[in-house]
Amino acid sequence: MTINEIVKQYNIKLCEYPPNLWDRAGFYYAPLRTVYINSALSEKEKKKVIYHELGHLNHDASQYERRRELFEIQASREMIRSILKEELSACDKDDVKNFNYVRFMEKYDLITTLDEELVKEEFLKLIS
């Protein structure tokens with residue numbers, strides 16, 4: 001899925017900002033249904049950030065400080081689920097049987113043990 005298709009599907013706006021304005025990769029601003037994203041990111045990184053920020057769509061912003069860890073894990077899960085869906089949709093059945101989660105993590109620069117657990121969990125959910 002292209003970035004434009006993601007934006008249309010989720011009915012959000014996308015705005016890019018220059019890297020010297022802020023050093024974060026991106027953020028979601030709920031009142032405007034807008035994902036702001038660092039313009040210096042590669043297309044692959046932009047998609048990851050957009051999918052992550054979409055994971056915040058149903059979060060109550062007033063609860064963010066109190067529930068930050070949970071909200072961030074949920075957003076990361078949404079990002080991983082979304083890129084896994086894209087990856088698996090491009091595979092035939094034999095490729096899915098031989099799916100290598102370590103290569104997937106390397107391809108998408110997923111480096112934490114949390115990322116690893118989320119990849120395993122979401123992969124199993126998607127193939128069952």
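Biologist: How many bridges join strand β1 to β3, and do the two run parallel or antiparallel?

Modeller: In this predicted model, strand β1 covers residues 13–17, and one of its residues, Cys15, stands opposite Tyr36 in β3. The two strands run parallel, and the number of bridges that join them is five.

Biologist: Which residue of β3 is the bridge partner of Tyr28?

Modeller: Strand β2, residues 26–29, is joined to β3 by four bridges, and these two strands run antiparallel. They also form a hairpin with four residues between them, where Arg33 in the turn has a positive phi of about 45°. Within this pairing, the partner of Tyr28 in β3 is Val35.

Biologist: Is strand β3 largely enclosed by the rest of the structure or left open, and how many of its residues are buried?

Modeller: From β3, Thr34, Tyr36 and Asn38 point one way while Val35 and Ile37 point the other way, and all of them are buried. Because buried means under 20% relative accessible area, that cut-off is met along the whole of residues 34–38, so the strand is largely enclosed by the rest of the structure, with a buried count of five of the five residues.

Biologist: Does Ile127 count as buried, partly exposed or exposed?

Modeller: Ile127 has its place in helix α6, which spans residues 113–127, and together with Leu124 and Leu126 it makes a nonpolar surface patch of about 250 Å². Its relative accessibility is 44%, and the class between buried, under 20%, and exposed, over 50%, is the partly exposed one. Ile127 therefore counts as partly exposed.

Terms used:
Residues are numbered from 1 along each chain as its sequence is written. This is a predicted model: local features need pLDDT of at least 70, side-chain atom pairs count only at pLDDT 80 or more; totals for chains, interfaces and linings use all residues. Side-chain values use heavy atoms; hydrogens and water are left out. Patches are made of residues with over 30% relative accessible area and no salt bridge: like charges are joined within 9 Å, nonpolar side chains (Val, Leu, Ile, Met, Phe, Trp, Tyr) within 5 Å. Accessible areas come from the Shrake-Rupley method with a 1.4 Å probe; for residues, only the protein chains shown count as cover. A salt bridge is a side-chain nitrogen of Lys or Arg within 4 Å of a carboxyl oxygen of Asp or Glu. Buried means under 20% relative accessible area, exposed over 50%, partly exposed in between (1.4 Å probe, protein chains only). Two strands pair if DSSP finds at least two bridges between them.
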